[in-house]
Amino acid sequence: MNQKSSNPQSFKKNLTPVSVWSLAFGCIIGWGAFMMPGTTFLPSAGPLGTAAAMAVGAVIMIIISFSYSYMVKRYPNGGGEFTYTRILFGEKHAFCCAWFLALAFIANVPMNSTALGLMSRKLFFGIFQFGRMYSVAGYDIYLGEVLMAVFALLVLSFVSIFGTKMTGTVDTVMAVSLALAFLIILISAIFSPITSWSNLRPLWNPDPDAGTKDILSGILAVVAVTPWAYVGFGTIPQEVEEFNFSVKKVIRIMVVAILFGCTVYTCNTLVTASVSPDWTTFVQAHDWAVGAAVESLMGIPGLIVLGIAISCAILTGILGFLTATSRLLFFMAKQGVLPGWFGRIHPKYNTPSNAILFCLAFSLIGPFFGRTALGWFVDMSAIGAGIGYGYTNLCARKALLQDGSIRKKAGLLSLTGLGILFSAFFLVMLLIPGMPGCLTLPSYLLLIVWTVLGFTFYLIMKNKKGL
């Protein structure tokens, strides 16, 4: 039986299928899609290895998305993974799931905002790189870049407060612009005389002495980041109470968003490798290989198009994760695991304004720490995504086993089992030292701190709210 929301206040149903897709796609594609091909993907797995890894990750995410779709239809309440886990496994599991999932969402907000400064360094001659204040973990913090990040966070936070209709419209315009700009670059690469399929060699690990084990390890290292890369599709259930369409469309929206994301990540990597007869040397010679590749293809006009794509990717990421995080915090407050302040709705705009303001306050701290330190938190966000995926698949499996018509849904039950295994696989890859894609030491330490904070906060709320 579907669970109706117990919240006497209600959100306006202003989100269309296109705007929901835009929110998800915008969260999937951020600055990393235009930086990681040169810094992570190609050095680890090569062009074909990256394409294979991203395709494997997309298939895994699509399998997991069927569990999400089933749970959205069964429990069309906001709060997504937190709501499902609370109903089927209780408050303790729900808090654990939500605590790490909130990190997976909110860590990407300040990280995207600092990417604006990095973009200005690469594309606009560092015009905001003035007023050097200090350095954090080797990353110089400039007043101009901080002010730019703060301005973007303020504007997009207030857009989010002004209502889902405005949020959806703004995000749709930027997501479509991102897709069109990417398409222009891709078409240019396909018809350019300097690109060639033969340039993609070596197809796998760039090390000429790499064996099968090294090739597989490189591919797995890229697969390990896909929970973070595709986490945007997991933001969709957070806004379900604001849909103005049937939840039956959710699976199609999720799959299309994942496939679009896979295409952008993969093609950016292939384009970067195809512009030079020796892509290994090309990547080593440029600290931003994607930008150098696009400039080789299209010159200054290409960099302008790339700037549009990256700007839209960054801004849609900020807006999408702000929206998802605020809804998650709102529904946690409604169930008493967060203070009631987070559960207040704006009297005019019908948005969780307090939760949005909290996300803004948290995110405003980020630009003052720089991308290196924030990167440790983002690395942890893959853990939160894996936990969210795992709980959703466990919930879907338990709900299916409670369903009297289970024989008709045996295929979906099998998919939930695969989803559980894949979620466990991601966590093992990220947490076990020596595994491809394992966390760095600073990320490990911060994960411990985050876990202890969560346990402490849970005990405090348990005493206050009687969880």
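# Pockets and cavities in a predicted model

Biologist: How many nonpolar, polar and charged residues are in the lining of the second largest pocket?
Modeller: That lining has 14 nonpolar residues, one polar and no charged ones. (Ala, Val, Leu, Ile, Met, Phe, Trp, Tyr, Cys and Pro count as nonpolar, Asp, Glu, Lys and Arg as charged, and the others, Gly among them, as polar.)

Biologist: What should I know about the model before we go on?
Modeller: It's a predicted model, where local features need pLDDT of at least 70 and side-chain atom pairs pLDDT 80 or more, while totals for chains, interfaces and linings use all residues. Numbering runs from 1 along each chain as its sequence is written, and side-chain values use heavy atoms, without hydrogens or water.

Biologist: OK, back to that pocket. What volume does the second largest one have?
Modeller: About 310 Å³. (On a 1 Å grid over the protein atoms alone, a pocket is an open set of points with protein on both sides within 12 Å along at least five of seven lines; a cavity is a set where a 1.4 Å probe fits but cannot get out; lining residues have an atom within 4 Å of a point. Points join across faces, edges and corners, and volume is the space filled by probe spheres set on them.)

Biologist: Which residues lie nearest its centre?
Modeller: Phe362, Ile365, Phe369, Leu374 and Phe377, out of 15 that line the second largest pocket. Helices H13 (353-365), H14 and H16 each give two or more residues to that lining. (Helices, H or I with at least four residues, and strands, E with at least two, are DSSP runs numbered from the N terminus.)

Biologist: And the largest pocket, how much space is in there?
Modeller: About 900 Å³. It's lined by 34 residues, and the closest to its centre are Met36, Thr40, Met111, Trp228 and Asp379.

Biologist: Which elements give two or more residues to that lining?
Modeller: H1 (17-28), H2 (32-74), H5, H9 (226-229) and H14 (370-402), all of them helices. H2 has the largest share of the lining of the largest pocket, with six residues. By class, that lining divides into 21 nonpolar, 10 polar and three charged residues.

Biologist: Asp379 caught my eye. What is Ser443 in contact with?
Modeller: Asp379 is one of its contacts, along with Trp376 and Met380, leaving aside neighbours within four places in sequence. (Contact means heavy atoms within 4.5 Å.) Ser443 is in helix H16, residues 441-465.

Biologist: Let's switch to cavities. How many of 30 Å³ or more are there?
Modeller: Two turn up in a search of the whole structure. The largest holds about 70 Å³ of space, and its lining includes Thr114, Tyr139, Asp140, Glu145 and Pro367.

Biologist: Which element gives the most to that lining?
Modeller: S2, with four residues. That's strand 139-142, and helices H5 (108-123) and H6 (143-161) also give two or more to the lining of the largest cavity. The classes there are six nonpolar, three polar and two charged.

Biologist: What lines the second largest cavity?
Modeller: Phe34, Ile185, Asn268, Val271, Thr272, Val290, Val294 and Leu306. Helices H10 (250-274) and H12 each give two or more of the residues in that lining. The second largest cavity has a volume of about 50 Å³, and its lining has six nonpolar, two polar and no charged residues.

Biologist: What does Phe34 touch, sequence neighbours within four places aside?
Modeller: Its contacts include Asn268, Val290 and Leu306. Ile29, Leu178 and Trp288 are also among the residues in contact with Phe34.
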